[in-house]
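Hi,

Here is the structure I said I'd pass along. Have a look, and my notes on what turned up are just below.

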Amino acid sequence: DGGEDFTKLTSWFQPDTPSFTHADIHFLRFIDGKFFAGTDGGIYVSTNEGVNFTDLTEKLSISQFYKISASVQNSSVIAGGLQDNGGFAYNETSWTNYHGGDGMEGNVSPINENIHYGFTQYGGSLNRTSNKGATSDLRVDAPFAESIGDNGGEWVTPMTLNNAGEVYAGYKELYKLEGNSWTKLSNQSFSDDLDRIEIDPNNNDNIYVSESNRLYKSTDGGVTFNQIVFSQGTINAIEVSNLDSNTAWIGVNTGVYKTTNLTSETPTFINLTDNLPSENKLTIKHHSRSGNNTIYLG
């Protein structure tokens with residue numbers, strides 16, 4: 001009737017229904033009697049004016065990962081978060097989608113390759129699978145402690161696990177997953193949402209967090225933090241050596257900095273940028289089993 005009334009054809013949260021298309025529809029057009037929908041999840045086509053849709057891009061590997069994590073025990077077990085397309089798991093043979101929303105951090109438990117944790121945008125919900133992504137068995141909403149102004153994290157909210165498999169997340173404060181809910185650990189009054197969390201692989205009591213260009217250290221498991229003097233720019237990556245608590249690398253847009261006295265009261269940093277290209281330095285990983293003390297930089 002020319003737009004007087006509308007009837008909803010699709011439900012983005014019901015992917016198993018015949019009328020499904022992905023949410024975030026950017027393009028609609030009839031071409032040769034077929035009705036096409038271009039979305040953030042692919043291209044869909046209907047031959048009966050939207051009653052049923054077929055996903056034309058189902059077999060194409062065109063999604064964008066924000067973060068990935070591989071199992072410590074098995075490199076063919078992977079978890080990751082996809083822009084606009086939720087959390088995915090690779091179980092040695094195939095990918096499965098175990099939560100929706102925007103997939104952000106995805107982490108495989110270091111002590112059990114069956115267990116994966118996935119964050120949605122702004123840390124809105126933490127989702128867990130205990131069978132390599134076949135199903136989701138836990139959803140924990142963000143803490144939203146409005147009394148301290150903690151009502152959501154960064155778009156890609158940091159989430160990490162220590163070597164005991166315990167889960168930590170950074171909002172306006174540092175939180176730990178205990179049972180089926182978040183427990184606030186810190187009482188630091190950081191100036192903004194946390195950007196990075198790094199737990200010392202040699203000592204779970206040593207936790208480092210960053211917020212913009214400010215770097216903080218805790219030696220009591222994240223309860224209290226002291227700021228480390230670091231003035232080289234906005235911090236994109238923190239990586240503590242898997243072999244030595246005193247050694248760490250910090251990545252900023254313009255360079256990479258190393259410290260060999262991280263546990264001292266006043267760590268010092270040296271510039272390792274040398275012949276690196278001018279692109280932003282976004283992520284750093286130390287490969288403890290390479291035999292060469294190898295550092296990877298993205």
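**Notes on the sheet**

Strand S2 and strand S3 (residues 42–46) run antiparallel and are joined by 5 bridges. Just so you know before you dig in, this is a predicted model.

Sticking with that pair, S2 and S3 make a hairpin, with 2 residues between them. If you want to check the register, Gly38 has Ile43 in S3 as its bridge partner, and Thr39 sits opposite Gly42 in S3.

On to the other neighbour of S2. Strand S1 (residues 25–31) is antiparallel to S2, with 6 bridges joining the two. Here, Leu28 is found opposite Ala37 in S2. S1 and S2 form a hairpin too, again with 2 residues between them. The turn is worth a click: Asp32 in it has a positive phi of about 50°.

How many residues of S2 are buried? The answer is 5 of the 6 in strand S2 (residues 34–39), so to speak a mostly covered strand.

Zooming out, the sheet is an open one made of 4 strands, in the order S1-S2-S3-S4, and the pairing is antiparallel. S1 and strand S4 (54–55) are the edge strands, each pairing on one side only. As a general reminder, strands of a sheet pair through backbone hydrogen bonds, in either a parallel or an antiparallel way.

That's it from me for now. Shout if anything looks odd in your viewer.

Cheers

Terms used: Residues are numbered from 1 along each chain as its sequence is written. This is a predicted model: local features need pLDDT of at least 70, side-chain atom pairs count only at pLDDT 80 or more; totals for chains, interfaces and linings use all residues. Side-chain values use heavy atoms; hydrogens and water are left out. Buried means under 20% relative accessible area, exposed over 50%, partly exposed in between (1.4 Å probe, protein chains only). Two strands pair if DSSP finds at least two bridges between them.
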